[in-house]
Amino acid sequence: MYDIDLTSAISEIKRLKARIVALQVPEGLKKRAYQFAEDIEKNSSAEVLVVAEPCFGACDIPSSLFDMVDAVVNIGHSPIPSLKYGKPVIFVAARSKVPIVDQLKKSVGMLHEPVGVLATSQHLTQLDEVIEGLESMGIKTKISEGDSRISHAGEVLGCNFTAATALAKDVNSYLLIGSGSFHALGVHLSTGKKIVVLDPNLEEPREIDQIKDKMLRQRHAVIERAENARIFGIIVGEKIGQRRMRRAKELRKLLRWKRKDAALILMDKFDPEKLRSLPFDAYVSTACPRIAIDDVAMYDKPLLTPQELEIVLGVRDWENYTFDQMTEDEI
Ligand code: SF4
């Protein structure tokens, strides 16, 4: 399913004269971790430490690794150029090999041109094919660089839709290559524009209307449950690319202005168990924006995004509901 080429990572390990490297592999590729480690050890003089902790992105490289290794090899994620790490981090792309030509042809009637073209990290190499395919069918396309949290034109992260929002005035719809619905929902809510998803795991292109309605109902219910909360816990993520202390402090100020109590909480890997004994009525996550949305069913107490807290406190209207984003000036 995925092409993973370690050649340039191995050259970089040799150039750095790294003696020990940490290897981070996303959950979906962990079965191949031994193969990757063996490849690196056979072709360089470095010893490999396979990191068993889950890794969700370039935001998720534990600082503790830098005390133990000379470099980190991170497979399957794009770099976040605005992040600075303690030691070299070598990113190795995992590019999807699943053909999307048939879906692309089927999507044409669903699009309104000009079309903004987007992809998640695993599908960035398919962007050129999509642009060429659409243009050859006479459909105008546009693509944007996004801000400096984004490393490749057209890329969307679950925490950053700037490659889409930068085009919002210039396009009438978006085409997104990627699996799942989170990125598509984020783009749609940030821009108000129609979005068609080419999911290589499916056979047909799809729109997100039904999923959007279900997600919005869930979020409305969480917001309503938080309305009677008196004491809020504002969670700051420990992960290097999720530390939004300034945002957390702003939210606490806002809560105090609205005569609510609040404390800041530090958390690395999110786990409802860690919150169970704490005395808060509701929580706000300033860490990865996906957690509150994707894991909604796991939390007993309301877990809000910063924008949802603003709705609870009456400083944002429900009509302006949007997903949380981390931008270049925050981290
Ligand atoms: S913060 Fe979340 S969405 Fe953003 S890169 Fe990290 S894991 Fe992905």
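## Leu-175 and the nonpolar core

Leaving aside neighbours within four places in sequence, Leu-175 is in contact with Ser-107, Leu-111, Val-115, Val-117, Leu-118, Val-130, Val-196 and Leu-198. Two residues are in contact if their C-beta atoms, placed from the backbone, lie within 7 Å. The structure is a predicted model: local features need pLDDT of at least 70, side-chain atom pairs count only at pLDDT 80 or more, and totals for chains, interfaces and linings use all residues. Residues are numbered from 1 along each chain as its sequence is written.

Leu-175 is also one of the residues that touch the most other members of the largest nonpolar core, a set of 88 residues. The others named are Val-21, Val-73, Leu-118, Leu-176 and Leu-304. A nonpolar core is a set of buried Ala, Val, Leu, Ile, Met, Phe, Trp, Tyr and Cys residues joined through C-beta atoms within 7 Å. Buried means that 20 or more other C-beta atoms lie within 10 Å of the residue's own, with C-beta atoms placed from the backbone.

## Helix α7

Helix α7 spans residues 182-191, and 7 of its 10 residues are buried. Helices (H or I, at least four residues) and strands (E, at least two) are DSSP runs, numbered from the N terminus. The buried residues include His-183, Leu-185 and Thr-191. They pack against β7 (115-119), α6 (162-165), β9 (173-177), β10 (194-198) and α8 (209-226). After α7 comes Gly-192, with a positive phi near 75°.

## Domains

The protein chain is divided into domain 1 (2-96), domain 2 (101-207) and domain 3 (215-320), with bounds from an automatic or database domain assignment. The contact between domain 2 and domain 3 takes 4 residues from domain 2 and 6 from domain 3.

Key
A residue is buried if 20 or more other C-beta atoms lie within 10 Å of its own, exposed if 12 or fewer, and partly exposed in between; C-beta atoms are placed from the backbone.
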